[in-house]
Every structure is written in C-alpha cells, then in structure tokens.
Amino acid sequence: MNARGIPAKLARVPAGGAGAATRVSGPLPCRAPFPGSAALITNISILVRDRAGRALLQMRDSAATLGPLCWSFWGGSVEPEDADHTHTASRELEEELGIAASPAEFIEIGRRTGGDGQEAPLMLLPRPVEWGDFRVLEGAGAGYFTLPEIRQLPVTRSLAWYLAHRADVFLPSQGG
C-alpha cells in the first residue's frame with residue numbers, strides 16, 4: 001500500500017478483456033519512478049465531473065490506437081518534463097480540454113495496472129466543470145454520463161476495468 005492506502009499492484013483484466021481478473025506479480029520494469037513512488041507510472045487517467053456529479057468522458061477518434069470510437073477517461077502519457085503524475089494530469093487536461101488546473105488540485109482516487117504492466121493512476125479534478133467551460137481539443141467528442149449510462153456505452157479497457165472493479169469512482173460522492 002502507498003501513503004494514500006492504494007495497493008501498489010492491482011488486478012488487471014486479461015488481454016481479452018473478459019473473464020476473471022489476474023494478479024500482476026513480479027518486479028515492474030526498471031525505469032526511474034516518480035519521487036516517493038515505488039512503481040513506474042507511464043500514463044494517467046483523469047476524471048472530470050459537472051455539478052450534478054456526472055462524469056465527463058472522451059469519445060476516442062477513429063484513428064486512436066487503443067479504443068477507437070470508444071468512450072474513455074481523459075489523460076495520457078507521462079512526459080519527461082512532468083515532475084510527477086499530478087503534473088501529467090495538469091498538462092493533459094489543458095492539452096485535451098483547454099482547462100487550466102494546477103497539479104495541487106488533483107486527487108488520486110484509483111490506480112490500476114495497465115495492459116503494459118505499468119501502474120496508471122486515476123486523477124480526479126474535484127472542482128466541477130460545466131458544458132461551455134472547456135473545448136474538446138483531442139478525440140471525437142465529449143459527453144456527461146451517470147454510472148448507469150456509462151454501463152451502456154462502448155468503453156476502453158481502462159474504463160471497463162473501473163466499471164468492473166471500482167464503479168464507486170463514478171459516484172458523485174467519490175473524492176469530491
């Protein structure tokens with residue numbers, strides 16, 4: 001467990017996306033982790049909500065390598081200039097939605113081990129973001145959804161993992 005009580009290694013869905021989750025074991029690949037973190041973080045996911053608590057999700061475009069035309073969290077890869085994953089969240093939110101947020105605003109509300117074996121935190125921007133407060137700068141579009149609505153959507157593996165293992169992150173009371 002890390003300082004926030006989040007397990008250092010979480011279950012992941014097998015490559016096929018179906019069936020029982022499997023445990024990830026063994027050491028993570030060598031590369032310098034962020035200071036204060038024992039694990040390598042290569043990308044992050046971001047959850048944004050409106051005042052009603054609905055999740056703002058990204059429709060991935062048809063050219064996306066992973067999850068084309070599926071609904072997804074916002075987020076992306078850690079860049080060398082990112083001091084830690086809160087800085088990655090801040091940079092990615094501005095790149096994808098034009099929303100300026102300081103790294104200190106983000107709260108880590110989840111962590112999963114991705115298909116690449118690397119840890120990927122789910123970062124929440126706790127302040128509400130309403131329609132008109134952002135511009136979709138990446139992806140095919142955006143939409144606000146409740147948990148029952150999200151369950152009906154075609155989603156990426158990352159979002160599917162949270163639906164299966166941590167659906168509570170989509171509830172308005174989680175983290176905010």
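Helices and strands are taken here as DSSP runs, of at least four residues (H or I) and at least two (E) respectively, numbered from the N terminus. On this basis, the predicted model shows a protein chain with three helices and seven strands, and these elements follow one another along the sequence in the pattern β-β-β-β-α-β-β-β-α-α. Of the 176 residues in the protein chain, 48% are buried, and the accessible surface comes to about 8700 Å², with carbon and sulfur atoms accounting for 55% of that area. When contacts between residues at least 6 apart in sequence are considered, 61% of them join residues that lie at least 24 apart.

Strand β1, which spans residues 43-49, has six of its seven residues buried and is therefore largely enclosed by the rest of the structure. The pairing of β1 involves several other strands. With strand β4 (residues 74-77), β1 runs antiparallel and is joined by four bridges, and within this pairing I46 stands opposite W74 of β4. The pairing between β1 and β6 also extends over four bridges, but in the parallel sense, with L122 in β6 serving as the bridge partner of S45. A further antiparallel pairing, made through two bridges, links β1 to β2, and here V48 has L56 of β2 as its bridge partner. The hairpin formed by β1 and β2 has five residues between the strands, and in this hairpin G53 takes a positive phi near 90°.

The packing of nonpolar side chains can be described in terms of two cores. The largest nonpolar core holds 21 residues, among which L57, F73, I150, L159 and F170 touch the most other members. At least two residues of this core are supplied by each of β2 (55-59), β6 (119-125), α2 (147-150) and α3 (157-165), and the largest share, four residues, comes from α3. The surroundings of L159 illustrate this arrangement: when residues up to four places away in sequence are not counted, L159 touches L57, W71, S72, F73, I150 and F170. A second core, separate from the one just described, comprises 19 residues, including I44, V48, L56 and F134. Two of these members, V48 and L56, recur in the pairing of β1 with β2, where they are bridge partners.

Note on methods: Residues numbered from 1 in each chain as written. Predicted model: local features only at pLDDT ≥ 70, side-chain atom pairs only at ≥ 80, totals over all residues. Heavy atoms only, no water. Buried < 20%, exposed > 50% of the residue type's maximum accessible area, 1.4 Å probe, protein only. Contact = heavy atoms within 4.5 Å. Areas by Shrake-Rupley, 256 points an atom, 1.4 Å probe, with all protein chains shown as cover. Core = buried A, V, L, I, M, F, W, Y, C linked by side-chain atoms within 4.5 Å. Pairing = 2+ DSSP bridges.
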